[in-house]
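Okay, everyone, thanks for making time. I'd like to walk you through one model today, so let's put it up on the screen.

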Amino acid sequence: MRPGRLAALLLAPTALFLAVFFAYPLVEAVALAFRSGQGHLTLEHFRRLADDVYFPRAVRNTLVLLAWVIPIQLVLALLAALVVSRRMRGSGTFLYVYALPLGISELAAGLIWLSVFTERGYLNTVLDQLGWLERPVVYLSFQSPGWLLAALVVAEAWRATPLVMMILVAGMQMIARDYLEAADTFGATGWQKLRYVILPLLKPSLQTALLIRTVLALQVFAPVVVLTGRLFPVLASEAYFWYSLIRNPHVAAVYAVAIMGVSVAVSWLYLLALRTREEQVGA
C-alpha cells in the first residue's frame with residue numbers, strides 16, 4: 001500500500017469521529033442560531049440574546065473565571081512538573097496522587113466541593129472545631145459573590161490542573177539534558193535555568209496546554225451549576241438553561257456560537273503571544 005493511502009486509512013477513524021461528533025453538531029448549532037422556527041434566516045435570536053439580562057453577567061463571569069483559573073493552574077502545574085522532572089525519591093507517587101482528579105468527572109468534582117462549601121460542609125465543620133467560628137458561614141449565596149467565585153476557582157483548579165501538568169511534564173521530557181548541563185557549567189541559578197532555558201524550550205507545550213485548558217474552561221458547566229445554580233451564570237450554563245428550562249434551542253445555539261467565538265479569539269491571541277522562534281521566522 002502506498003504511504004499516502006496508508007496515512008489516509010489510519011486517519012479515517014479519527015476523521016469520521018470528528019465529522020460525526022464535532023463538525024455535524026457545529027453546523028447544526030450555527031444553523032439553529034440563524035434559523036427561525038419556520039426555517040427562514042433571521043437575527044431575532046441574537047436580538048433576544050442581547051436583551052437577556054443574564055447575558056452580560058455570563059460573559060463577564062466567564063472571563064473573570066478564566067482570568068483567575070488559568071494563571072493559577074499554569075503556576076501550580078509548572079511547579080508540579082518541575083518537581084516530577086527532578087526525579088526525586090517519591091516523585092512517581094507524587095505524580096500519581098496529583099493526577100487523581102483526572103479520573104473524576106466535572107459533576108463529581110462539583111459535588112465534592114459542594115460538600116466542602118455548604119453551610120454544614122467540611123470547611124465550616126473544621127473551622128468550628130478549631131474555635132474560629134461563632135456561627136456557620138454561608139459561602140454559596142448571592143450575598144457573597146466573592147465566595148462563589150472562590151469556590152469555583154478552587155474546584156476548577158483542583159480538577160483540571162493535573163491535565164496541564166501532564167502536558168508540561170511531557171514537554172519537559174523532550175528538553176535535552178545538554179541544555180541544563182551547559183547552564184550548570186556556566187553557573188546559572190535555578191531561576192535563570194527556568195527563565196532562560198526551560199520556559200523558552202517549553203513554549204510549544206505551554207501553547208498546547210493553554211489552548212486546551214482555556215477552551216475547556218470556556219465550556220465549564222457542571223461545577224458552576226452544582227455549586228452556584230444560576231447565582232453565577234456563565235456562557236455554558238446559560239446555554240443549558242435556555243435549552244432545558246426555557247425550551248428555546250435557538251437562543252441556546254446562539255450562546256454556543258458565542259462560546260465558539262470567544263474560544264477562537266482567545267486561541268488566536270495565544271498563538272500570537274506564544275509563537276516559537278521557528279513560527280516567527282516562518283511568518
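Let me start with a question: what volume does the second largest pocket have? About 500 Å³. Before I go on with that one, a caveat: this is a predicted model, so please listen to everything with that in mind.

Staying with that pocket, there are 15 residues in the lining, and those closest to the centre are Ser85, Arg86, Arg177, Leu180 and Ile198. If you look at which elements give two or more residues to this lining, you get α3, α7 (145-173), α8 (177-185) and α9 (190-201). As for chemistry, the lining splits into six nonpolar, three polar and six charged residues.

Now the largest pocket. Here we have about 770 Å³ of space. It is lined by 24 residues, with Leu26, Gln219, Ala256, Ile259 and Met260 the closest to the centre. The elements giving two or more residues are α1, α12 (235-244) and α13 (249-273). Of these, α13 has the largest share of the lining, with 10 residues. And the classes? For the largest pocket I get 21 nonpolar, three polar and no charged residues. So put the two linings side by side on your screens: no charged residues in the largest pocket, six in the second largest.

Let me step back to the whole chain for a minute. We're looking at 14 helices and zero strands, so reading from the N terminus, the order of elements is just α, over and over. Along the principal axes, the C-alpha atoms fill a box of roughly 70 × 70 × 35 Å. There are 283 residues, and 36% of them are buried. The accessible surface comes to about 17,200 Å², and carbon and sulfur atoms hold 67% of that. One more global number: take the contacts with a separation of 6 or more, and 69% of them are between residues 24 or more positions apart.

What about enclosed space? Searching the whole structure for cavities of 30 Å³ or more turns up one. Its volume is about 40 Å³. The residues lining this cavity are Ile70, Gln73, Leu74, Val164, Ala209, Leu210 and Arg213. Two elements give two or more residues to that lining, α3 (54-85) and α10 (203-218). Sorted by class, that's five nonpolar, one polar and one charged. Keep Arg213 from that list in mind, please, as we'll get back to that residue.

On to salt bridges. How many are there? The count comes to six, and I'll show you some of them. Take Glu238 and Arg230, whose closest N and O atoms are 2.7 Å apart. The two ends of this pair sit in different classes of exposure: Glu238 has a relative accessible area of 0%, so Glu238 is buried, while Arg230 is at 26% and therefore counts as partly exposed. And here's where Arg213 returns: salt bridges with shared partners join Glu106, Glu156, Arg159 and Arg213 into one network.

Zoom in on one link of that network, Arg159 with Glu156, where the N to O distance is 3.0 Å. Both residues belong to helix α7 and sit three residues apart, which is about one turn of the helix. Are they buried or exposed? Both of them are buried.

Another salt bridge worth a look is Asp184 with Lys193, at 2.9 Å from N to O. Asp184 has 43% relative accessibility, so Asp184 counts as partly exposed.

Last stop, a loop residue. Where does Ser36 lie? In the loop between α1 (3-34) and α2 (44-51). Why do I call Ser36 buried? Because the relative accessibility is 14%, and the cut-off for buried is under 20%. If we set aside the neighbours within four places in sequence, Ser36 is in contact with Thr42, His45 and His250.

To recap, then: the chain has 14 helices and zero strands, the largest pocket has about 770 Å³ of space, and one network of salt bridges joins Glu106, Glu156, Arg159 and Arg213. That's my tour, and I'm happy to spin the model around for anyone who wants a second look.

Note on methods
Residues numbered from 1 in each chain as written. Predicted model: local features only at pLDDT ≥ 70, side-chain atom pairs only at ≥ 80, totals over all residues. Heavy atoms only, no water. 1 Å grid on protein atoms, 1.4 Å probe; cavity = no way out; pocket = protein on both sides within 12 Å on 5 of 7 lines; lining within 4 Å. Points joined across faces, edges and corners; volume = space filled by probe spheres on them. Helix = DSSP H or I, 4+ residues; strand = E, 2+ residues; numbered from the N terminus. Nonpolar A, V, L, I, M, F, W, Y, C, P; charged D, E, K, R; others polar. Buried < 20%, exposed > 50% of the residue type's maximum accessible area, 1.4 Å probe, protein only. Contact = heavy atoms within 4.5 Å. Areas by Shrake-Rupley, 256 points an atom, 1.4 Å probe, with all protein chains shown as cover. Salt bridge = Lys/Arg side-chain N within 4 Å of Asp/Glu carboxyl O.
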